[in-house]
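Good morning, and thank you for making time on the agenda. I should like to take you through one structure, beginning with the display.

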Amino acid sequence: MNVQVRTIAVIDDDPRVLESLVNFLASCGYKAESYLSAEQFLGSCELSRCMCIIADIEMRAMSGLDLLQHIRSSKSAVPLVIITGKPSQNSEAFYLERGAIGFFRKPVDCDALVDLIGSVCNRSNPD
């Protein structure tokens, strides 16, 4: 039987944030893949294997909001969590209204993040 492993994609242009989140998720039993840009992620063709995406809002070319809009316009139901380390005029509600399942400011509350991921992944994986 060929079982595909579903992953969490972590997308941030800060390598320290990537390493920290991927290591944390691995310590919680998740398989996480890191990407330095939204374009790198989309070019990897891994969207169909993702159970969740965590994306920084402020990235050089394609922002986390652009990625969210791209994923929603492609009719993908993969949940996306927005993270940011910069002040923004947009509130959590702004991102949730556009289809994000969560919004966290850096440093990310990892316990709350893994609780959110767990609840979303358990809903989408009923086994």
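I will speak about a network of salt bridges, a helix, an aromatic cluster and some points of backbone geometry.

A word on sources comes first. The model is predicted, so to speak of it one applies thresholds: local features need pLDDT of at least 70, side-chain atom pairs count only at pLDDT 80 or more, and totals for chains, interfaces and linings use all residues. Residues are numbered from 1 along each chain as its sequence is written, and side-chain values use heavy atoms, with hydrogens and water left out.

Let me begin with the charged pairs. I call a pair a salt bridge when a side-chain nitrogen of Lys or Arg is within 4 Å of a carboxyl oxygen of Asp or Glu. By that rule the count is 7. One of them joins Lys106 to Asp12, with the closest N and O atoms 2.7 Å apart. Lys106 is in the loop between β5 (102-105) and α5 (110-124), while Asp12 is in the loop between β1 (7-11) and α1, so this pair ties together parts that are 94 residues apart in sequence. Helices here are DSSP runs of H or I with at least four residues, strands are runs of E with at least two, and both are numbered from the N terminus.

Lys106 also forms a salt bridge with Asp56, where the closest N and O atoms are 3.5 Å apart. This second pair again links distant parts of the chain, for Asp56 belongs to strand β3 (residues 50-56), 50 residues from Lys106. Through shared partners, Asp12, Asp56 and Lys106 become one network.

How accessible are these residues? For relative accessible area, buried means under 20%, exposed over 50%, and partly exposed in between, using a 1.4 Å probe and protein chains only. Asp12, at 0%, counts as buried, and so does Asp56, at 4%. Lys106, at 26%, counts as partly exposed.

Another salt bridge pairs Lys31 with Glu33, the closest N and O atoms being 2.4 Å apart. Here Lys31 is partly exposed at 33%, and Glu33 is partly exposed at 30%.

I turn now to helix α1. Its 13 residues, 15-27, should span 18 Å at 1.5 Å a residue, and the end C-alpha atoms are indeed 18 Å apart, which agrees. The expected span is 1.5 Å times one less than the number of residues. Which residues of α1 are buried? They are Val17, Leu18, Leu21, Val22 and Leu25. Seen down the axis, the buried residues fall within an arc of 120°, so they line one face of the helix; the arc is taken over the directions from the helix axis to the C-beta atoms. The face turned away from that buried side carries the exposed residues Pro15, Arg16, Glu19 and Ser27.

At the N-terminal end, Asp14 caps α1, with a side-chain oxygen 2.9 Å from the backbone nitrogen of Arg16. A polar contact of this kind is a pair of N or O atoms within 3.5 Å; within protein, one must be able to donate a hydrogen and the other to accept it, and residues adjacent in sequence count only if both atoms are side-chain atoms. Just after α1, Gly29 takes a positive phi of about 95°.

Next, the aromatic residues. Rings of Phe, Tyr and Trp (its six-membered ring) pair if their centres lie within 6.5 Å; planes under 30 degrees apart are stacked, over 60 edge-to-face, and the rest tilted. The whole structure holds 3 such pairs. Phe94 and Tyr95 have ring centres 5.0 Å apart and planes at 90°, so this pair is edge-to-face. Tyr95 and Phe103 have centres 5.1 Å apart and planes at 5°, so this one is stacked. Phe94, Tyr95 and Phe103 form one aromatic cluster. Phe94 and Tyr95 are buried, as is Phe103.

Finally, the backbone. Most residues other than glycine have a negative phi, and most peptide bonds are trans. A cis peptide bond joins Lys106 and Pro107, with omega about 0°. Cys45 has a positive phi near 60°; it lies in the loop between α2 (38-43) and β3 and is exposed, at 63%. Lys75 has a positive phi near 70°; this residue lies in the loop between α3 and β4 (80-84) and is exposed, at 73%.

Thank you; I welcome your questions.
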